[in-house]
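Let's take a friendly walk through this assembly. Have a look at the chains first, and then read on.

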Amino acid sequence: MSPRTRLWVLACGVAGVAALLAVTVWRLPPFGGARHPYGERAVEAALASRVANAVASVNFDQRAFDTLGEQAILFGSVLGTVVVLRQTRDERRVEPEPAGVAGPVRRYALIALPVVLLTGVYVVAHGQLSPGGGFQGGVVAATGLHLLYVAVDYRALKRVRSVHLFTLADAAGEAGYLLLGTGGLLAGTAYLTDVLPLGTFGTLASGGTVPLLNAAIGVEVAAAVVVLLARFLDQAIEIVTSGEEGDRAPGTDGAPGTGGARPAGGTGRADGADGPHRTGRGGAG
Amino acid sequence: MDELPVALALLLVACAGTAAVATRDPVRQSLVLGVLGLALALLFTVLQAPDVALSQLAVGTALTPLMVLLSVRKVRRKARSERREEHE
Amino acid sequence: MSVLPYLVAGWLFLAGCVGMATSRNLIHAVGSLAVCQSSTYVLLLAVGYRRGGTAPVHSDIRPGSRPLVDPVVQALTLTDVVVGATVTALLLALVVQVAKRHGTVDPDELRELRG
C-alpha cells in the first residue's frame with residue numbers, strides 16, 4: 001500500500017471513529033452525575049469488611065480474582081521483556097566506565113534515597129487505610145532505588161541490585177498472591193475470599209487478607225520494575241551487539257539484506273575494529 | 001464554578017497528549033510524555049482519585065520516559081556505529 | 001462541561017492512533033500508544049466522578065458523611081496504569097530487538113519479510 005493510500009485509509013477510519021464518538025458522548029451518563037449504583041455498593045462492601053480505602057477493597061477483596069489476572073499480565077510482560085532483552089550469543093558485555101557526579105547532586109540524591117524507599121514501603125503498608133497500596137508503593141520504591149544510579153554510578157547500582165534475587169522476588173510475589181488465595185479454599189469457601197479476622201476499622205491490621213495481598217503485589221511490582229529497568233540499562237550501557245561495532249553492512253538504504261540469519265561475527269571484524277567501548281570488556285556471553 | 005480546575009486540567013492533558021504525538025523525536029517525546037504524566041496526575045487529583053494519581057505520578061513521570069530514553073540510547077548507539085563504518 | 005471529559009478522552013485516543021499510524025520511528029509509535037492508553041484512564045475516571053464528591057478513602061472522613069466518587073473505576077484505572085507501563089516495556093524491548101536484527105526502527109523499511 002502506498003503511503004498516500006494509507007493516509008486516506010487512516011483519515012476515513014479516524015473520521016468514522018470521531019463521528020461515532022461525537023454521537024455517543026451525548027448518551028453517556030453525564031459527567032459528575034449523582035447516580036453511581038456500583039460505587040455505592042462497593043463502598044458499603046468495603047466498610048463491611050472494615051477497609052478504610054474503598055479502592056483497595058475493590059482491588060484486593062471484591063475483585064481480587066480480576067487483580068490476579070491483571071498481575072498475570074504484569075508478570076507475563078516482565079517475563080517477555082527479560083527473554084527478549086537477554087544477552088545473545090553474538091553479544092558481549094563491556095564494563096561501563098566510572099562517571100563523575102556533581103557534589104550537590106550526589107549529596108541530595110543520597111539523602112533522598114532512604115526517604116524514597118521508606119515512602120514506598122509506607123505506601124504499600126498503609127494501602128488499606130490511605131491512598132496507596134502495592135501497585136503504587138512498589139513503583140515508588142523501585143524507581144527510588146535507581147537514585148543510586150543518579151547519585152553514584154551504574155556500578156554502585158549493580159552492586160546493590162542483584163537481578164537474580166529480584167527475579168526471584170518477582171516470582172515470590174506472584175506465588176504469594178496465588179497461595180494467599182487458596183486460604184479461601186482451605187476455609188471451605190471460594191478462591192481469594194477474605195477469610196482472615198477483619199480486625200478494627202482504621203488500623204494497620206484491618207481488612208483480613210487485603211494488607212497481605214497488598215504486600216504480595218508490592219513485592220511483585222517493585223521487583224518487576226527493578227528487573228525491567230535492569231534489562232534496559234544492561235542493553236543501553238553494557239551489552240554490545242557485534243553489529244554495533246560495525247562488523248556488518250549497514251542496512252540503511254532501504255534494502256534490508258542483513259539480519260538475523262547471518263552467523264554471529266560473520267566477517268570476523270568484530271574483534272579488530274576500533275571504538276571507545278573496546279577496552280576492558282567483560283566475559284563474552 | 002468549582003469545576004474550573006477539572007476543565008483546566010482536562011485541557012492541559014489534551015494539549016500535552018497532542019504535543020506528545022506531534023513530537024517526532026523520541027528523546028523530546030519522552031520529556032513531553034513526562035509532562036503528560038504530570039498533567040494526568042493533576043487531573044486525577046482534582047477528579048478525587050488520589051490512588052490513581054499516585055501511581056500515575058510514579059509511572060508516567062519516571063518509569064515510562066526512562067524506558068523510552070534507554071531504548072533510544074541503545075538504538076542510536078547502534079545507528080551511530082553503523083554510520084561510522086560507512087565513513088571508514 | 002458535561003461532555004468535555006469524554007471529548008478529551010476521544011481526542012487523546014484519536015491523536016494517539018494518528019501518531020502510531022504516521023510514525024516513522026517505532027519508539028515514537030510506542031510513545032503514541034502510551035497516549036492512547038491514557039485516554040482510557042480519562043474516560044474511566046470521568047464516568048466515575050460525582051460533583052461535590054470526595055475520594056473514596058475513609059482515613060479522615062466519617063463513613064456516610066459525604067458523597068463519594070466511584071471507587072470501582074478507580075480500581076480499574078489503578079491496575080491499568082501499572083500494567084500498561086509493563087506492556088509498554090515489552091513493546092520497547094521488541095523495538096530494541098528489531099533495531100538489533102534489522103538495523104532500523106523505521107516501520108517502512110521493515111516491510112519485506114525475510115527468512
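What follows covers two chain interfaces, one helix and one annotated span.

This is a predicted model, in which local features need pLDDT of at least 70, side-chain atom pairs count only at pLDDT 80 or more, and totals for chains, interfaces and linings use all residues. Residues are numbered from 1 along each chain as its sequence is written, while chains are lettered from A and ligands numbered from 1 in the order in which they are written.

Let's start with the interfaces. Residues are in contact if their C-beta atoms, placed from the backbone, lie within 7 Å. Chain C touches chain A through 50 residues of chain C and 56 residues of chain A. On the chain C side, H3(C) gives the most, with 19 residues. Between chains B and C, the contact takes 35 residues from chain B and 42 residues from chain C. Here H3(B) brings the largest share of the chain B side, 16 residues. Helices are DSSP runs of H or I with at least four residues, numbered from the N terminus.

The classes are nonpolar (Ala, Val, Leu, Ile, Met, Phe, Trp, Tyr, Cys and Pro), charged (Asp, Glu, Lys and Arg) and polar (the others, Gly among them).

| Side | Nonpolar | Polar | Charged |
|---|---|---|---|
| chain C, touching chain A | 29 residues | 13 residues | eight residues |
| chain B, touching chain C | 21 residues | eight residues | six residues |

Now for H6(A), residues 134–145: twelve of its twelve residues are buried (20 or more other C-beta atoms within 10 Å of their own), so H6(A) is largely enclosed by the rest of the structure. Among them are Phe135(A) and Leu145(A).

Finally, an unreviewed UniProt entry lists residues 72–96 of chain C as "transmembrane region"; such annotations may be inferred rather than shown by experiment. That span is 100% helix, with its end C-alpha atoms 37 Å apart.

Note on methods. Helix = DSSP H or I, 4+ residues; strand = E, 2+ residues; numbered from the N terminus. Contact = placed C-beta atoms within 7 Å.
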